[in-house]
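Biologist: Hi, I'm new to this one. Could you walk me through the model?

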Amino acid sequence: MSSIQPNRGGAYGADHSVGELLSQVTSDVQTLFRQEVELAKTEVRQEATKAGKAAGMYGGAGFAGYMVLLFGSLAAVLGLANVMDGGWAALIVAAVWAVVAAVLYARGRARMRTVSPTPEQTVETMKENTRWARHPTN
């Protein structure tokens, strides 16, 4: 982001012509707008990064769940089949992994809810700029 700040000081003095003042104000408004756009882009990138990490957790949970389900279920079914009917053993193992999947889903969903799609800092500075534009002497 540029380090140029809008001129809110005494540069808009009485020694300048109306054309010069209008040009200076226009330039400052353009600079301010560019800075706000850069701020919005930065905020959106940060939120997209958070969303990407949460989505990665969903994906990781899904893959890990699949691998555990595949190999753990096979071992558990074979182990339980020694003490009960194989069908019941498979059903018990499937129920256990359903609970694990529900917990992983709930954690990923909770993390995804922390993502804010609104660039809040930009909205606040735009409100401040609007207030200043309406009352530049305050």
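Modeller: Sure, let's start with one residue. Lys-50 counts as partly exposed because its relative accessibility is 37%, where buried means under 20% relative accessible area, exposed means over 50% and partly exposed is in between, with a 1.4 Å probe and protein chains only. Keep in mind that this is a predicted model, where local features need pLDDT of at least 70, side-chain atom pairs count only at pLDDT 80 or more, and totals for chains, interfaces and linings use all residues. Residues are numbered from 1 along each chain as its sequence is written, and side-chain values use heavy atoms, with hydrogens and water left out.

Biologist: Okay, and which residue does Lys-50 form a salt bridge with?

Modeller: With Glu-47; the closest N and O atoms are 3.8 Å apart. A salt bridge here is a side-chain nitrogen of Lys or Arg within 4 Å of a carboxyl oxygen of Asp or Glu. Both Glu-47 and Lys-50 sit in helix H1, three residues apart, which is about one turn of the helix.

Biologist: Is Glu-47 buried or exposed?

Modeller: Glu-47 counts as buried, because its relative accessibility is 18%.

Biologist: How many salt bridges are there by that rule?

Modeller: The count is two. Besides the pair we just covered, Glu-38 and Lys-41 meet through their side chains, at 3.7 Å from N to O. Glu-38 and Lys-41 are also three residues apart in H1, about one turn of the helix. Glu-38 is partly exposed because its relative accessibility is 30%, and Lys-41 is partly exposed too, with a relative accessible area of 42%.

Biologist: Let's zoom out. How many helices and strands does the chain have?

Modeller: Three helices and zero strands, so from the N terminus the elements run α-α-α. Helices (H or I, at least four residues) and strands (E, at least two) are DSSP runs, numbered from the N terminus.

Biologist: And how do H1 and H2 pack?

Modeller: H1 covers residues 18-80, and the angle between H1 and H2 is about 165 degrees, with the axes 9 Å apart. That makes the two roughly antiparallel. Axes are lines fitted to C-alpha atoms, for helices over the stretch in contact, and angles run from 0 to 180 degrees between N-to-C directions. Under 35 degrees counts as roughly parallel, over 145 as roughly antiparallel, 65 to 115 as roughly perpendicular, and the rest as oblique.

Biologist: What about H1 and H3?

Modeller: H3 spans residues 120-134; H1 and H3 pack at about 160 degrees with their axes 8 Å apart. H1 and H3 are therefore roughly antiparallel to each other.

Biologist: Which handedness does each crossing have?

Modeller: H1 and H2 cross in a right-handed way, while the crossing of H1 and H3 is left-handed. Left-handed means the near helix is turned anticlockwise from the far one by less than a right angle, and right-handed means clockwise.

Biologist: Switching topic: which residues form the nonpolar patch on the surface?

Modeller: Val-83, Met-84, Trp-88, Leu-91, Ile-92, Val-96, Val-100 and Leu-104, with about 720 Å² of accessible area together. Patches take residues with over 30% relative accessible area and no salt bridge, joining like charges within 9 Å and nonpolar side chains (Val, Leu, Ile, Met, Phe, Trp, Tyr) within 5 Å. Accessible areas come from the Shrake-Rupley method with a 1.4 Å probe, and for residues only the protein chains shown count as cover.

Biologist: Where does Leu-91 lie?

Modeller: In H2, residues 86-112. Leu-91 is partly exposed because its relative accessibility is 49%.

Biologist: How much of the chain counts as buried?

Modeller: Of its 138 residues, 16%.
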